[in-house]
Amino acid sequence: MDTVLLSGRSNPVLGGKLAAALGLKEGRCLIKDFADGEIKVEVKQEVAGCHVFILQSTASPTGQNLLELLLLADAARRRGARTITLVIPYFGYARQDRRVSGEEPVGARLMTDLLGTRCDRIVAIDLHNEAVEGFASVPLLHLSAVPLLAEAYRRYRSNDNVLVAPDSGAVKLVQRYAALLKLPVATIEKIRKSDIDVAVQAVTGEVKDKAVVLVDDMISTGGTMVAAIKALHEAGARKEISIITSHCLMAGQASARLEQQPIQRVITSDSVIPQKTGSLPIEISSLADGIADALQGLLRL
Ligand code: R5P
């Protein structure tokens, strides 16, 4: 049975690497914007009877990338694809996983509902909340960048490191790094004041005179990291900071805010193309081989 990889426009570099890792040429598609803002998609590749993988991160421009993904999947289905697997390295709206005031939608559920209408399976990486898997009406394979990024950090590891979760949501994640890197853990209690502003209420754990490694699933506006770094320094941590994060979105003023911090390195994956990195020392490890292994595993099912 033939296999075809199609890529949307969100992450062409990862698309090329994934095709190489799968031993495939990327499937031919035409994707462009109409003058009125709609997206035109044509799947030029023969996909009838094929297992089709479609790669697209639903990062900014989120709405456009989502719709482009759905259009690609619809076109592939109408051309007779046997199965369609959506490979979504960064799954946008995963943070909208519950209602807080009762006035919001559950955006993560809406995403899985929409995507589930046009595919047989979803593959995602380090979802903000694993509960998203439970929302999905199609099987969702949840991969993780943790082993890849822990290995990328290993050459910097030292015994005076402490891994820090910058909020309660990152505690499980930091524990996974701690198990791989054999390092102690500290945690921060954070409250979010707005989408760009957060405040730290407490630091728990031994950070004094330690070289901190902050661990989070994503950097969006950088507000969480900036507040965490300030609180850690007030608690006596050393000035040098490392960050490990699966998804380096770098939205809005993130790079300008983080450039002012004593950050030695940001270890991340190529799940998204950061919006703006400025002079930040960002070290990117590719997810391509790990995703390719997982997709080959699915083909054997
Ligand atoms: C929130 O719970 C997430 O895990 C991240 O901490 C957060 O989304 C990062 O966003 P920002 O960089 O805008 O603070």
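Which backbone oxygen does the side chain of Asn161 reach? Let's look at this predicted model and find out.

**A residue tucked inside**

The answer is the backbone oxygen of Ala211, at 3.1 Å from the side chain of Asn161. There is a second polar partner, too: a polar atom of the Asn161 side chain lies 2.9 Å from the backbone nitrogen of Ser158. Here are the two side by side:

| Partner of the Asn161 side chain | Distance |
|---|---|
| Backbone oxygen of Ala211 | 3.1 Å |
| Backbone nitrogen of Ser158 | 2.9 Å |

Where does Asn161 sit? You'll find Asn161 in strand S8, which covers residues 161–165. Its relative accessible area is 3%, and buried means under 20%, so Asn161 counts as buried. Leaving out residues up to four places away in sequence, Asn161 touches Tyr153, Tyr156, Leu183, Pro184, Ala211 and Val213. So Ala211 turns up both as a touching residue and as the owner of that backbone oxygen.

**Two helices that cross**

Now for another part of the model. Two packed helices are described by the angle between their axes and the distance between the axes. For helix H1 (residues 12–22) and helix H9 (residues 288–299), the axes come within 9 Å and cross at roughly 50°. That makes H1 and H9 oblique to each other, and the crossing is right-handed.

Who meets whom? On the H1 side there are Leu14, Lys17, Leu18, Ala21 and Leu22, and they meet Ala288, Asp289, Ile291, Ala292, Leu295 and Gln296 of H9. Sorted by class, this contact has eight nonpolar, one polar and two charged residues.

Terms used
Residues numbered from 1 in each chain as written. Predicted model: local features only at pLDDT ≥ 70, side-chain atom pairs only at ≥ 80, totals over all residues. Heavy atoms only, no water. Helix = DSSP H or I, 4+ residues; strand = E, 2+ residues; numbered from the N terminus. Buried < 20%, exposed > 50% of the residue type's maximum accessible area, 1.4 Å probe, protein only. Polar contact = N/O pair within 3.5 Å; in protein donor to acceptor, adjacent residues only side chain to side chain. Contact = heavy atoms within 4.5 Å. Axes fitted to C-alpha atoms, helices over the stretch in contact; angles between N-to-C directions. Parallel < 35°, antiparallel > 145°, perpendicular 65-115°, else oblique. Left-handed = near helix turned anticlockwise from the far one by under 90°. Nonpolar A, V, L, I, M, F, W, Y, C, P; charged D, E, K, R; others polar.
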